[in-house]
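Here are my notes on the model you sent over. Have it open beside you as you go through the points.

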Amino acid sequence: ARQCIRPRGILAFTVERLAEGEQPYRIQPHGRYAHREDYVRQALLNAGFARVDIKPVVLRRERGEDVHGHLVAAHVGEPV
């Protein structure tokens, strides 16, 4: 995705949250992946994004329970 985004562009997405101290990511029983915040941030920085903003959010309700996640905005820097 980083290679396709223009300078000053943003990649925005949500992922389910995995608690700190657990493995970096895992597939949940319902078939969706969950990720630790630090893992998501470092993966995006390693991919060449200049800045990563992550906000905790409730993604949806499932079986009467909130599903917690991250709203992620990965920013491409200025052209060099």
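**Notes on the predicted model**

1. Let's start with R36, which sits at 16% relative accessibility and so counts as buried, the cut-off being under 20%. Bear in mind throughout that this is a predicted model.

2. What does R36 pair with? Its salt-bridge partner is E20, with the closest N and O atoms 3.9 Å apart. E20 is in the loop between β1 and β2, while R36 is in the loop between β3 and α1, so this pair ties together parts that are 16 residues apart in sequence. As a general point, side chains of opposite charge can pair when their charged atoms come close.

3. Searching the whole structure turns up eight salt bridges. One of them joins R41 and E37, whose closest N and O atoms are 2.9 Å apart. Both residues belong to helix α1 and are four residues apart, about one turn of the helix. R41 is partly exposed, at 27% relative accessible area, and E37 is also partly exposed, at 28%.

4. Another salt bridge links D66 with R61, and here the closest N and O atoms are 2.7 Å apart. D66 comes out as partly exposed at 36% relative accessibility, whereas R61 is exposed at 55%.

5. E16 deserves a good look. It is in strand β1, which covers residues 10–17, and with 5% relative accessibility it counts as buried. Which residues share a salt-bridge network with E16? They are R32, R60 and E62.

6. Staying with E16, its side chain makes a polar contact of 2.5 Å with the side chain of R60 and another of 3.2 Å with that of H30. Leaving out residues up to four places away in sequence, E16 touches a long list of residues, including Q28, Y33, A34, L59, V67, H68 and G69. H35 and H70 are on that list too.

7. That brings us to H35, in strand β3 (residues 33–35). Is H35 buried or exposed? Buried, with a relative accessible area of 17%. Besides E16, its contacts beyond four places in sequence include V15, R17, L18, P24, Y25, V40 and H70.

8. Now the nonpolar core. In soluble globular proteins, nonpolar side chains tend to be buried together. The largest nonpolar core here has ten residues: I5, V15, V40, L44, F49, V52, I54, V72, A74 and V76. The elements giving two or more residues to this core are α1 (37–46), β4 (51–62) and β5 (65–75).

9. I54 is a handy core residue to click on. Not counting residues up to four places away in sequence, I54 touches V40 and V72, as well as E37, R41, H70 and L71. Two of these names, E37 and R41, are the salt-bridge pair from point 3.

10. Finally, have a look at the surface. Y25, I27, Y33 and Y39 make a nonpolar patch of about 410 Å². I27 is in strand β2, residues 25–27. Two patch residues have come up before: Y25 is in contact with H35, and Y33 with E16.

Methods: Residues numbered from 1 in each chain as written. Predicted model: local features only at pLDDT ≥ 70, side-chain atom pairs only at ≥ 80, totals over all residues. Heavy atoms only, no water. Patch = residues over 30% accessible without salt bridge, like charges linked within 9 Å, V, L, I, M, F, W, Y side chains within 5 Å. Areas by Shrake-Rupley, 256 points an atom, 1.4 Å probe, with all protein chains shown as cover. Salt bridge = Lys/Arg side-chain N within 4 Å of Asp/Glu carboxyl O. Buried < 20%, exposed > 50% of the residue type's maximum accessible area, 1.4 Å probe, protein only. Contact = heavy atoms within 4.5 Å. Polar contact = N/O pair within 3.5 Å; in protein donor to acceptor, adjacent residues only side chain to side chain. Core = buried A, V, L, I, M, F, W, Y, C linked by side-chain atoms within 4.5 Å.
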